[in-house]
Amino acid sequence: MRKIIAFAAAIALLQGAVFAQNLKSVPEKEVKVNYVKDFQRQVKEATDVKWYQMDENAFKVIYLDSEKSRQAMVFSNKGTETHYYIDKKYCPAAVRDTVNNLFKGYEVSDLWVRKVRNKMTYQARIAKKSGFLWWKKETDAKVLSWEVDGKYIGE
């Protein structure tokens, strides 16, 4: 029984890592100094901070804010964007309807509000899931966008 529980826990941890599948985890010392300073200036009470390298000039930091809500910031030469993650049980109807009607067989795996230069949009990461019981593998992941009023923008 213990082996089954340990195996299930290991699978759950691996599934959590799927979110960052296109990102390379990096220590803070490998992130551009100006990005780290900008993050520390803007978010003073962050915990569980993890940095990821998206490409040569872009880095993403995922962290818990002072209220223990998961958030993220993306730093690049083009500027900074902020992601405010939303629990899937609060998924807007427009997001649910679009995924159910246009992307049959897909499920929302992550949902957030993306803020760039004071413009906000909803974004959702969707994927097909296949596997057995609790061991599910995500395939064909996509990120979709909506205006705040619910109008679907696209992939």
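# Close-up views of a predicted model

**View 1. Two charged side chains lie over aromatic rings.** In this predicted model, Lys60 lies over the face of Trp112, at 5.9 Å from the ring centre. In a second case, the ring is that of Tyr85, and the charged end of Arg70 sits over it, 3.9 Å from its centre.

**View 2. Nine strands form an open sheet.** The strand order is 1-2-3-4-5-6-7-8-9, and the pairing is antiparallel. Why do strand 1 (24–26) and strand 9 (152–154) stand at the edges? Each has a single partner strand, so one side of each is left without a neighbour in the sheet. From one strand to the next, the twist averages 30°. Strand 8 and strand 9 run antiparallel and are joined by two bridges. Trp146 has Tyr152, in strand 9, as its bridge partner.

**View 3. Helix 2 and helix 3 each lie across four strands of the model.** Helix 2 (residues 33–42) crosses strand 2 (47–53), strand 3 (59–64), strand 4 (70–76) and strand 5 (79–85). Its direction is at about 145° to strand 4. Helix 3 lies across strand 6, strand 7, strand 8 and strand 9, and runs at about 120° to strand 8.

**View 4. The largest nonpolar core has 13 residues.** Val95, Val99, Val108, Ala124, Ile126 and Trp146 are the members that touch the most other members. Two or more residues come from each of helix 3 (93–102), strand 6 (106–116), strand 7 (119–132) and strand 8 (135–147). Strand 6 gives the most, with four residues. Leaving aside residues up to four places away in sequence, Val108 touches Lys88, Val95, Val99, Ala124, Arg125 and Ile126. Another core, of 12 residues, lies apart from this one; Phe39, Val43, Tyr63 and Met73 are among them. In soluble globular proteins, nonpolar side chains tend to be buried together.

**View 5. Aromatic rings form pairs and a cluster.** How many aromatic pairs does a search of the whole structure find? The search finds nine. One of them is Phe39 and Trp51, which is edge-to-face, at 5.6 Å centre to centre with 80° between the planes. Phe39 lies in helix 2 and Trp51 in strand 2, so this pair ties together parts that are 12 residues apart in sequence. Phe39 and Trp51 are both buried. The ring centres of Phe103 and Tyr106 are 5.9 Å apart and the planes are at 85°, so this pair is also edge-to-face. Phe103 and Tyr106 are buried. Tyr35, Phe39, Trp51, Phe59, Tyr63 and Phe75 make up one aromatic cluster.

Notes: Residues numbered from 1 in each chain as written. Predicted model: local features only at pLDDT ≥ 70, side-chain atom pairs only at ≥ 80, totals over all residues. Heavy atoms only, no water. Core = buried A, V, L, I, M, F, W, Y, C linked by side-chain atoms within 4.5 Å. Buried < 20%, exposed > 50% of the residue type's maximum accessible area, 1.4 Å probe, protein only. Contact = heavy atoms within 4.5 Å. Pairing = 2+ DSSP bridges. Axes fitted to C-alpha atoms, helices over the stretch in contact; angles between N-to-C directions. Phe/Tyr/Trp six-rings, centres within 6.5 Å; stacked < 30°, edge-to-face > 60°. Lys NZ or Arg CZ within 6 Å of the ring centre and 35° of its normal.
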